[in-house]
Amino acid sequence: RVEFSFSLDLTPWLIRDGTQDDVSGLSEFLAHNKNDLACVDLHKEVEWPGWEELAANIKWKIRQTGFTGYISVWHTSDEVLTIHKNRQWANFMHSRSTKLICVLS
(Lines give C-alpha, C1' and ligand atoms only; values in the text may rest on other atoms or scores of the structure.)
Protein backbone atom coordinates (compact mmCIF):
# COMPACT_ATOMS: atom_id res chain seq x y z
CA ARG A 1 0.00 0.00 0.00
CA VAL A 2 1.33 3.43 -0.92
CA GLU A 3 1.16 5.98 1.89
CA PHE A 4 2.06 8.89 -0.34
CA SER A 5 3.95 9.59 -3.54
CA PHE A 6 5.99 12.63 -4.49
CA SER A 7 7.78 13.62 -7.68
CA LEU A 8 10.32 16.41 -8.07
CA ASP A 9 11.05 17.69 -11.58
CA LEU A 10 14.64 18.92 -11.82
CA THR A 11 14.74 19.47 -15.59
CA PRO A 12 15.16 23.28 -15.30
CA TRP A 13 18.57 22.66 -13.70
CA LEU A 14 19.83 20.18 -16.28
CA ILE A 15 22.76 21.20 -18.45
CA ARG A 16 22.15 20.62 -22.14
CA ASP A 17 25.14 18.81 -23.59
CA GLY A 18 24.04 18.43 -27.22
CA THR A 19 26.14 19.99 -29.92
CA GLN A 20 24.98 22.37 -32.63
CA ASP A 21 25.63 19.54 -35.12
CA ASP A 22 23.02 17.42 -33.29
CA VAL A 23 20.42 20.18 -33.49
CA SER A 24 21.15 21.03 -37.13
CA GLY A 25 21.09 17.33 -38.08
CA LEU A 26 17.67 16.88 -36.49
CA SER A 27 16.36 20.07 -38.12
CA GLU A 28 17.70 18.93 -41.49
CA PHE A 29 16.03 15.53 -41.15
CA LEU A 30 12.66 16.99 -40.16
CA ALA A 31 12.71 19.61 -42.92
CA HIS A 32 14.03 17.64 -45.87
CA ASN A 33 13.29 13.94 -45.36
CA LYS A 34 10.54 12.92 -47.82
CA ASN A 35 9.16 10.09 -45.67
CA ASP A 36 6.39 11.68 -43.58
CA LEU A 37 6.13 8.54 -41.41
CA ALA A 38 9.82 8.60 -40.47
CA CYS A 39 10.68 9.25 -36.86
CA VAL A 40 13.77 9.89 -34.77
CA ASP A 41 14.46 8.39 -31.34
CA LEU A 42 16.28 10.91 -29.17
CA HIS A 43 18.15 9.24 -26.31
CA LYS A 44 18.61 11.48 -23.28
CA GLU A 45 21.02 10.48 -20.52
CA VAL A 46 21.27 12.17 -17.14
CA GLU A 47 24.44 11.94 -15.08
CA TRP A 48 24.13 12.90 -11.43
CA PRO A 49 27.27 12.21 -9.42
CA GLY A 50 26.53 11.88 -5.72
CA TRP A 51 22.76 11.53 -6.03
CA GLU A 52 22.89 8.79 -3.37
CA GLU A 53 23.80 11.46 -0.80
CA LEU A 54 20.72 13.49 -1.74
CA ALA A 55 18.57 10.34 -1.53
CA ALA A 56 19.92 9.61 1.96
CA ASN A 57 19.17 13.19 3.04
CA ILE A 58 15.61 12.96 1.71
CA LYS A 59 15.03 9.69 3.58
CA TRP A 60 16.49 11.17 6.76
CA LYS A 61 14.26 14.26 6.51
CA ILE A 62 11.15 12.08 6.06
CA ARG A 63 12.15 9.89 9.01
CA GLN A 64 12.53 13.04 11.14
CA THR A 65 8.81 13.72 10.67
CA GLY A 66 8.00 10.36 12.28
CA PHE A 67 7.29 8.26 9.20
CA THR A 68 8.29 4.62 9.83
CA GLY A 69 7.28 3.02 6.53
CA TYR A 70 9.38 1.96 3.55
CA ILE A 71 10.97 4.86 1.64
CA SER A 72 12.28 4.55 -1.90
CA VAL A 73 14.16 7.39 -3.61
CA TRP A 74 15.30 6.99 -7.21
CA HIS A 75 16.02 8.95 -10.33
CA THR A 76 15.74 8.05 -13.99
CA SER A 77 19.07 8.15 -15.74
CA ASP A 78 17.87 7.87 -19.32
CA GLU A 79 14.84 8.47 -21.46
CA VAL A 80 13.93 7.91 -25.09
CA LEU A 81 11.87 10.58 -26.84
CA THR A 82 10.38 9.68 -30.23
CA ILE A 83 10.08 12.64 -32.60
CA HIS A 84 7.58 12.42 -35.47
CA LYS A 85 7.08 14.87 -38.29
CA ASN A 86 4.18 17.26 -37.78
CA ARG A 87 2.34 16.35 -40.97
CA GLN A 88 -1.34 15.50 -41.23
CA TRP A 89 -0.69 12.01 -42.63
CA ALA A 90 1.96 11.25 -40.00
CA ASN A 91 -0.22 12.50 -37.15
CA PHE A 92 -3.09 10.31 -38.36
CA MET A 93 -0.93 7.19 -38.70
CA HIS A 94 0.82 7.65 -35.34
CA SER A 95 -2.37 8.39 -33.38
CA ARG A 96 -3.52 5.91 -30.76
CA SER A 97 -7.02 5.86 -32.20
CA THR A 98 -5.79 4.72 -35.61
CA LYS A 99 -3.70 1.98 -34.01
CA LEU A 100 -6.69 0.83 -31.95
CA ILE A 101 -8.93 0.68 -35.04
CA CYS A 102 -6.30 -1.39 -36.88
CA VAL A 103 -6.03 -3.81 -33.97
CA LEU A 104 -9.80 -4.23 -33.68
CA SER A 105 -10.40 -4.69 -37.40
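Here is a walk through the structure, from its overall outline down to a handful of residues.

What you are looking at is a predicted model, so local features are taken only where pLDDT is at least 70 and side-chain atom pairs only at pLDDT 80 or more, while totals for chains, interfaces and linings use all residues. Residues are numbered from 1 along each chain as its sequence is written, and side-chain values rest on heavy atoms, with hydrogens and water left out.

Start with the fold. The protein has four helices and two strands, where helices (H or I, at least four residues) and strands (E, at least two) are DSSP runs numbered from the N terminus. Follow the chain and you read α-β-α-β-α-α.

Next, the overall dimensions. A compact globule of 105 residues would have a radius of gyration near 13 Å, whereas the protein comes out at 21 Å; the radius is taken over C-alpha atoms, and the globule rule is 2.2 Å times the number of residues to the power 0.38. The C-alpha trace spans about 60 × 45 × 15 Å along its principal axes. Buried residues make up 8% of the 105, with buried meaning under 20% relative accessible area, exposed over 50%, and partly exposed in between (1.4 Å probe, protein chains only). The accessible surface adds up to about 9600 Å², and carbon and sulfur atoms own 56% of that; these areas come from the Shrake-Rupley method with a 1.4 Å probe, and for residues only the protein chains shown count as cover.

Now look at who touches whom. Of the contacts with a separation of 6 or more, 73% are between residues 24 or more positions apart, a contact being heavy atoms within 4.5 Å. Strand β1 gives an example in L42, which touches E79, V80, L81 and I83 once residues up to four places away in sequence are set aside. L42 is partly exposed, at 35% relative accessible area. Its C-alpha atom is 38 Å from that of R63, although the two are 21 residues apart along the chain.

On to charges. There are 11 positive and 14 negative side chains, and the centres of the two sets lie 10 Å apart. In this count Lys and Arg are positive, Asp and Glu are negative, and His and the chain ends are not counted; each charge is placed at NZ of Lys, CZ of Arg, CG of Asp or CD of Glu.

The structure holds two salt bridges, each being a side-chain nitrogen of Lys or Arg within 4 Å of a carboxyl oxygen of Asp or Glu. One of them joins D36 and R87, with the closest N and O atoms 3.6 Å apart. D36 sits in the loop between α1 (20–32) and β1 (39–45) and R87 in the loop between β2 and α3, so this pair ties together parts that are 51 residues apart in sequence. Both ends are partly exposed: D36 at 25% relative accessibility and R87 at 33%.

K44 and E79 form a salt bridge too, their closest N and O atoms being 3.5 Å apart. This pair links strand β1, home of K44, to strand β2, home of E79, across 35 residues. K44 is partly exposed at 37%, and so is E79 at 46%.

Then there is K85, in the loop between β2 (78–84) and α3 (88–94). K85 is buried yet has no salt bridge, and the nearest side chain of opposite charge, D36, is 4.2 Å away. Beyond its neighbours within four places in sequence, K85 is in contact with F29, L30, N33, K34, N35, D36, A38, A90 and N91.

D36 turns up again when you move into helix α3, the place of W89. W89 touches D36 and L37, not counting residues up to four places away in sequence, and is partly exposed at 47%. The C-alpha atoms of W89 and N35 are separated by 10 Å, with their positions 54 residues apart along the chain. Q88, also found in helix α3, counts as exposed at 73% relative accessibility. The C-alpha atom of Q88 is 8.9 Å from that of D36, 52 residues apart along the chain.

Finish in helix α4 (residues 96–104), where T98 lies. T98 is buried, with a relative accessible area of 9%, and is in contact with F92 and M93, leaving aside neighbours within four places in sequence.
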